[in-house]
Amino acid sequence: REASAASVFLIKGHFGLGWLLRTLIAMSIRRRSFMLLSRAATLAVKCNISMDMIMCGEEKSLSDNSETKNMCDSVMPKMSFLESIFLTPAKSQVVHGNRLLWSEITKTLLDATQCSTESETSISNRWIIIREMKKGIARWFVTPAFERSIASWASIQATLKSNKSPQSGGIDVYVPVSEKPKFFRALVCQMLLHPAPNMP
């Protein structure tokens with residue numbers, strides 16, 4: 001039932017689920033993880049999503065008789081960056097970037113979380129963690145309170161760099177094993193709530 005609903009969303013160019021698939025693919029290539037790649041492939045197959053739809057920015061057309069229509073400019077651009085990283089060995093892959101700064105966090109996200117009027121100082125005693133994923137590269141923002149009580153930015157980076165659990169994306173440091181199913185369900189739910197780009 002869930003896969004069927006996801007199929008409808010994706011065929012219509014659902015941005016959130018498309019983003020999730022593309023993120024899994026990019027992470028799997030950078031981290032050399034067949035497990036991550038198989039998860040992305042399984043989800044795509046269940047939702048009747050082709051490689052061209054995800055990697056080439058093409059989507060099934062519901063309004064005409066053509067097999068596909070180009071959606072590169074409006075929905076999902078081509079994953080052209082994969083070409084250069086496919087043949088880059090694991091030891092040379094970049095899987096994480098420098099620390100994400102509060103000033104770099106988009107206003108859309110801050111508005112959605114009711115933090116648009118906050119400053120980096122005013123949220124320093126709150127447990128906040130933000131992960132940015134671009135082209136399979138992860139960057140993190142964590143507040144001082146989060147670092148003191150749960151996990152430091154350095155420990156998250158070290159876990160991600162060690163690549164011992166590629167499928168986790170570094171969350172092992174701050175999400176208990178027992179809570180992982182709930183965490184991933186919440187993540188998928190967030191994807192479903194964003195059918196178009198730039199939504200809160």
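**Entry 1: Thr143**

I looked up Thr143 first and found it in the loop between strand S4 (137–142) and H7. The model is a predicted one, and I read every entry here with that in mind. I asked whether Thr143 is buried or exposed. Its relative accessible area is 0%, which is under the 20% cut-off, so Thr143 is buried. I then listed what Thr143 touches, leaving aside residues up to four places away in sequence: Ile123, Ser124, Arg126, Trp127 and Ile128.

**Entry 2: Glu147**

I next turned to Glu147, which has its place in helix H7 (residues 144–149). Glu147 has a relative accessible area of 27% and is therefore partly exposed. Which residues does Glu147 touch, not counting those up to four places away in sequence? I noted Arg99, Val142, Ser152 and Trp153. I also looked up the separation between Glu147 and Ile129, which lie 18 residues apart along the chain. Their C-alpha atoms are 9.3 Å from each other.

**Entry 3: Backbone angles at Lys135 and Arg32**

I checked phi at two residues. In general, most residues other than glycine have a negative phi. Lys135 is not a glycine, yet its phi is positive, near 55°. I placed Lys135 in the loop between strand S3 (129–134) and S4. The relative accessibility of Lys135 is 53%, over the 50% limit, so I recorded Lys135 as exposed.

Arg32 also has a positive phi, about 55°, although Arg32 is not a glycine. Arg32 sits in the loop between H2 and helix H3 (34–46). With a relative accessibility of 33%, Arg32 counts as partly exposed.

**Entry 4: Helices H2 and H9**

I examined how helix H2 (residues 15–31) packs against helix H9 (residues 180–192). The axes are 6 Å apart, and the angle between them is about 130°. How are H2 and H9 oriented to each other? They are oblique, because an angle of about 130° falls between the 115 degrees that closes the roughly perpendicular range and the 145 degrees beyond which helices count as roughly antiparallel.

I then wrote down the residues that meet. From H2 these are Gly16, Leu17, Trp19 and Leu20, and from H9 they are Val188, Met191 and Leu192. I sorted the residues of this contact by type and obtained six nonpolar, one polar and no charged.

**Entry 5: Cysteines**

How many disulfides does the structure hold? I found zero. I looked up the exposure of Cys47 and Cys56 separately. Cys47 has a relative accessible area of 1% and is buried. For Cys56 the relative accessible area is 27%, so Cys56 is partly exposed.

**Entry 6: The chain as a whole**

I closed with the overall picture. The chain contains nine helices and four strands. Followed along the sequence, these elements run α-α-α-α-β-β-α-α-β-β-α-α-α.

What share of the 200 residues is buried? I recorded 40%. I also looked up the contacts in the chain between residues at least 6 apart in sequence, and 56% of these join residues at least 24 apart. The chain exposes about 11,900 Å². Carbon and sulfur atoms supply 58% of that area.

Conventions:
Residues numbered from 1 in each chain as written. Predicted model: local features only at pLDDT ≥ 70, side-chain atom pairs only at ≥ 80, totals over all residues. Heavy atoms only, no water. Disulfide = S-S within 2.5 Å. Buried < 20%, exposed > 50% of the residue type's maximum accessible area, 1.4 Å probe, protein only. Helix = DSSP H or I, 4+ residues; strand = E, 2+ residues; numbered from the N terminus. Contact = heavy atoms within 4.5 Å. Areas by Shrake-Rupley, 256 points an atom, 1.4 Å probe, with all protein chains shown as cover. Axes fitted to C-alpha atoms, helices over the stretch in contact; angles between N-to-C directions. Parallel < 35°, antiparallel > 145°, perpendicular 65-115°, else oblique. Nonpolar A, V, L, I, M, F, W, Y, C, P; charged D, E, K, R; others polar.
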